[in-house]
Amino acid sequence: MSKCTIEYIEKRLDEFKSSGQVPGIVVSNLVDKLEKRLEKQTITKKQLESILSEVVMNYKFAQVDPGAAVGTIAAQSIGEPGTQMTLRTFHFAGVAEMNVTLGLPRLIEIVDARKNPSTPIMTIYLAEDYATNEEKAREVAQQIELTKIENIASSVDIDLWENAIEVNLDLDLLKNKNITIEEVQDRLQYRRKNEVEIIDGYKLIIKQDESELSSLQRLREKIRDIAIKGLKGIKRVIIRKEANVGESGEYVIYSEGSNFMQVLRIPGVDPKRTYTTHLHEIAETLGIEAARNSIIRESRKVLTEQGLDVDDRHIMLVADLMTSSGEIRQIGRHGISGEKNSVIARASFEVTVKHLLQAATRGEIDNLTGITENVVVGQMISLGTGVVDIGITPNYREFSTEEPEPVPEIVAEEN
Amino acid sequence: MSNLPKRIDSIHFGLLSPDEIRRMSVQRIIVADTYDEEGTPVPGGLMDGALGTIDPGQRCRTCGNRIGDCPGHFGSIELARPVIHVGFNKVIYKLLNAICRVCGRVVLDETRIKAIFDAVPKTDLDFSRIGIVPFHIADEVLKEAAKVKQCPHCIDPDDSSHGTTKYKIRLEKPTTFYEELELEDGTKQINKITSFDIRELLRKITPSDCQLLGIDSTSTRPEWMILTALPVPPVCVRPSITLDSGIRSEDDLTHKLVDIIRINQRLLENRDAGAPQLIVEDLWELLQYHVTTFLDNEVSGIPPARHRSGRALRTITQRLKGKEGRFRLNLSGKRVDFSARTVISPDPLLSINEVGVPRAIAEILTVPERVTEWNIEEMKELVMKGPQGHPGANYIIRNDGRRVDLRFTKDPNILADALAPGFIIERHLRDGDVVLFNRQPSLHRISIMAHEVRVMPYRTFRLNLCVCRPYNADFDGDEMNLHVPQSEEARSEAYILMRVQEHISTPRYGGPIIGAIQDFITSSYFLTMDGSVYTREEASTLVTAAHLTDLPEPRGIDESGKPYWTGKQLFSTLLPTTMNFTMKSMFCVHHDECKRTACELGGYVAIRNGQLISGVIDKKGFGAEQPDSVLHRILKEYGSDATRQFLDGFTKMLIANIDLRGFSMGFDDVDIPLEGRRRIDQQIADTKDHVNQLIQTYEKGLLERQPGRTLEETLEMLIMAALAKVRDNSSNISAEYLGMANSAVIMAKSGARGNMLNLGQMSACVGQQSVRGKRITRGYKERTLPHFKHGDLSADGRGFVDASFRSGLEPIEFFMHACGGREGLVDTAVRTSTSGYMQRRLINALQDISSLYDGTVRDSIGGIIQFIYGDDNVDPTKSDHGKAVNLDIILDKVLETELEGD
């Protein structure tokens, strides 16, 4: 009996792979496993062949049936474990100090394709020389975290005598965040038309024209809210050394709040690995395929965290449906269900009357192709055994010996 | 061929024109009355006989059919003045804003229209409706036209220097329109536009303009949104009910129609009599109100019309919308015949494929069976038995289509003799019939499965315990539904596609969802654990219970010289003889180096050539929802028939086994010796001291703040961590005293029920109670209960329960425990509704998607969602826990399992 060498196995499996009988990933897994086996035992060519035929048989057996209601099954497979999920919104994951929405609320958020998710989080990986240098990582983090006047001022007061607003900067904080007082002055000057003066090296005085107390108070609030540094929407950043990222551990920045497009532009950020949980930002920045992948990744994360076993194919189908039009559509009234072609399907989901009236003005035609429509009118649905139709070939005479009837010539009618 | 089933191809929506309303009307309704004193319908009234009949026995005056066959016929009311249809008020508003008040054309010239068209990318054009202006263009046209101030098509009658001035239109909800005129002196004048004028204006819109405005002029003319004639729905749509007292009570719609006719008549009379403008206008407005509420009684801005009792009327819109509306209640979901519902109870002796049906139900549910030459004798017997007495029949349908009710026959023998091939007998449900069995909520497809009937005494449905999991059923009073398919096609589809054994693998993750639960697992532990031996009598009992006939060779001879069998041997009698498989059981503790078959914990389950040679079969071996188990392997390698046989046989053997030895858990199972109690008490006391110290350091201000947290949060976290640890520690202490002889431990370890945490709570310490993930803080000001001082942060004051369930809780502890328990209840209640709604949305969005013969996944109009399902076209149900091919198993199979030891 001839034995297989590693070279033979690789050659044979390459051949097998290119035959396209089973997905490539299965073949490459098989190569790995065979090589591992070969260390301990011998494999004959005959055995190899029977392994291959067994693999093909197993794969063929597991194919989906044509007409399978894969949509409904996906919806059920994701919806059913929903009853077993926790409702607790906040959970600590990865970074202990940070809140992350998980469980059922997060799943609903994903499916709803919310424009403003409750706790968007970015995981910012750093470029080579930044990733291992804490000092440099901190610099990047400082550029990302949104710093407002209120974050660096010990107090913002109103000086009624001088008719001015007085910002008392906390010099320690300033140093901590690597901001000079002049920078603050510049930013303030840029945002307010009145003169900004530095007094005593830590006080900023902004003279005001208004003298009304209430309007000064309003101005004070506005000044407190002026951004000095960082990206819009990012409330907090945390730098952590992740031991199992990269070769010998890397510094990774986590941010509460998300501004994906801007963050990728910051020097020192590794745009290839940086990730956000904000689906729409991914769609805007990286495109719809990336958004599709992140829908899968985010849903997967929720389900695994809850210890629920759901096949990837179901999640993939939902993600593919949500992104099939080129933009993220939500599952529900304002998305897929609301844009269905059938009037009856829309009417029987939500906002019944609106859809009926709209159909009337538009003179819509419901072709009864979907499920709900046919259930409503009491006809067979085109799913499962219902997809099969009897077809009659119109020129059946091809198979008979009879002379075919002359086909009447179609003459284009004038007007 | 006239009874060929007709198929609806499509439904075209549109508006009824006044002419069409009149044409389809069989009767003009002019009298606001329903019935006269004698109870006969008033001619020309709302219950006019021409509108169809609701009295049984009476024939319809229009179509001549009786109730049930008469579809009902519309009448009509001629409205004295036109009235706006509320549903279209916004459309009318937009139209009025987009057209010229004189010529009725869209106030955009060619170039601007072209600009709008050009602005829309070509790819956005809706290809399914080529030729019709896409609706988002119509929105754009409406928006643009609303901005225009002067009409480009006609000349202002007041000032010929420019086009007709367009005034701003204001809609005062729901149905009043105003025109805001700007006079030359800069003041504004607000004029009401009557629905009469609106109608005239809308009439001027040309068909091509209609298209631009998003109206399909072939089916809908804009002026039809103003009603001049009102269709009166047939009587069967609004049947009156006769109460027990003999008083007739009319439907809400009838009430509303009475109002409409009454006001309409008054308006007509006043108008014709030349009454003052003010009175006519008041009546007109009243008519508008009544028509509005007739169409929709929940319009904002006007009070809903009410019944005499004060209840708001349920008019047309209310009938259609919402969960209880026509669409969701009657059209998407339909009531069915041939169904039954009763309480369920367990029966381990049934096969998983079976369902026990009470005789009383089997005598009512029927299956139609055609009489043939071959079954005529059997059918005769059924007919003679009649509706009483079990395998009988309830009806005979003769060849002429006549239906004979066997309940009312004097002599069934005569009927039986008259049977001829071609008759249909509606016979009782009997053993072996295929039925569908369902438990709500039907969250996934395995909530409805096909079972084979077993007719049984008593009044409950019986089912095998292994199928509890897919239905999520228990027996604390659950009820289930049963449906009997009536055609051969339905029956065979149910049998082939929906039978329980075909659904052992769930599509959710491709593993068995049907499997053993609870006592089966306990019993299996006893059967397959090391050292479990059986005498000949016992072994035969077990093997016969599993419906097997042959005992294997005894393993050996015991001291008294009698042969004995091991439990593993008996289990192996049920395995396919060619089976080879290795897995880890619940008892595996993941030693650094696996001892394999020598594992004394029973953690290494090895099956060689159909013999279990080591390991314990527990939850991981054949439990429900356990992928990669022995059960899963049998299913994948030997198919559903073999798996059903294995499960049926093994569970029966396990019942017999646990009957032999008995199993129970009691108070003393969670009792630990005094020494252990002392150690636990000491632990708790120490931890409480530690907590108090933490509080003291905090109060002195010496506590160090953790990054990202406030001082208070830091303290809470430290306390929580300390208290969580003490619960675990005391659980572990109690576990030291509870060995494998303890019933509760056996259940926990084998995975039958409960876990060590539960046991710890019962025997050692219940631990910290929490609400929203924090210690309990709410109640009184700065304290949870008045028994504590203000600001008490101690363990006791924030809901730490020292006691165990065994020792019993103090009142305060009990209260704290109830706080945590209540949160759980609220959480469950909220969760079911939110997740239910999420699932409804998911299903609605995804239900049209299916795989097709070309391998693509498409929606209902053929749009491609995936080019190949799930990237590999593999059905998760048929996959091996998500994998298309389980390479390890194949390699093992082909390369032969290397045996342990060598």
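These exercises work through a predicted model of chains A and B.

Residues are numbered from 1 along each chain as its sequence is written, while chains are lettered from A and ligands numbered from 1 in the order in which they are written. Because this is a predicted model, local features need pLDDT of at least 70 and side-chain atom pairs count only at pLDDT 80 or more, whereas totals for chains, interfaces and linings use all residues.

**Exercise 1. Confidence**

Find the scores of the model, then locate stretches of chain B where pLDDT is under 50.

Solution.
- Step 1. The model has ipTM 0.88 and pTM 0.88.
- Step 2. pLDDT is the predictor's confidence in each residue, from 0 to 100. Chain B averages 86, and 97% of its residues reach 70 or more.
- Step 3. Residues 127-131 of chain B stay under 50, with two contacts beyond four places in sequence. Two residues are in contact if their C-beta atoms, placed from the backbone, lie within 7 Å.
- Step 4. Residues 897-902 of chain B are also below 50. This stretch has seven contacts in the model beyond near neighbours in sequence.
- Step 5. Where pLDDT is low, the predicted coordinates should not be read in detail.

**Exercise 2. Overall form of each chain**

Set the radius of gyration of each chain against that of a compact globule.

Solution.
- Step 1. The radius is taken over C-alpha atoms, and the globule rule is 2.2 Å times the number of residues to the power 0.38.
- Step 2. For the 902 residues of chain B the rule gives near 29 Å, but the chain has 39 Å. Its C-alpha trace spans about 120 × 100 × 65 Å along the principal axes.
- Step 3. For the 415 residues of chain A the rule gives near 22 Å, but the chain has 32 Å. Its C-alpha atoms fill a box of roughly 110 × 75 × 50 Å.
- Step 4. Turn to secondary structure. Helices (H or I, at least four residues) and strands (E, at least two) are DSSP runs, numbered from the N terminus. Chain B has 26 helices and 33 strands; chain A has 18 helices and 13 strands.
- Step 5. Domain bounds come from an automatic or database domain assignment. For chain A it gives domain 1 (6-61) and domain 2 (147-229). Their centres, over C-alpha atoms, are separated by 71 Å.

**Exercise 3. The interface**

Describe the side of chain B that touches chain A.

Solution.
- Step 1. Count the residues. On chain B, 81 residues are in contact with 87 residues of chain A.
- Step 2. List the elements. Those giving two or more residues include strand E1 (11-12), helix H9 (316-320), helix H10 (326-331) and helix H25 (811-846) of chain B.
- Step 3. Rank them. H25(B) gives the most, with 14 residues.
- Step 4. Sort by type. There are 37 nonpolar, 29 polar and 15 charged residues. Ala, Val, Leu, Ile, Met, Phe, Trp, Tyr, Cys and Pro count as nonpolar, Asp, Glu, Lys and Arg as charged, and the others, Gly among them, as polar.
- Step 5. Look for strand pairing (at least two DSSP bridges between two strands). Two bridges join strand E13 (residues 365-366) of chain A to E1(B), and the strands run antiparallel. Ile365(A) stands opposite His12(B).

**Exercise 4. A helix of chain A in its surroundings**

Explain why helix H17 (residues 352-362) of chain A is largely enclosed by the rest of the structure.

Solution.
- Step 1. Set the cut-offs. A residue is buried if 20 or more other C-beta atoms, placed from the backbone, lie within 10 Å of its own, exposed if 12 or fewer, and partly exposed in between.
- Step 2. Ten of the eleven residues of H17(A) are buried, so the helix is largely enclosed. Among them are Leu356(A), Leu357(A) and Arg362(A).
- Step 3. Find the partners. The buried residues pack against helix H16 (343-347) of chain A, together with helix H2 (89-98), helix H4 (135-147), H9 and H10 of chain B.
- Step 4. Check what follows. Gly363(A) comes after H17(A) and has a positive phi, near 60°.

**Exercise 5. Phe461(B)**

Is Phe461(B) buried or exposed?

Solution.
- Step 1. Place the residue. Phe461(B) is in strand E19 (residues 461-463) of chain B.
- Step 2. Phe461(B) has 26 C-beta neighbours inside 10 Å, so it counts as buried.
- Step 3. Beyond four places in sequence, its contacts include Ile344(B), Val355(B), Val357(B) and Leu482(B).
- Step 4. Compare sequence with space. Phe461(B) and Val343(B) are 118 residues apart in sequence, yet 6.3 Å apart C-alpha to C-alpha.
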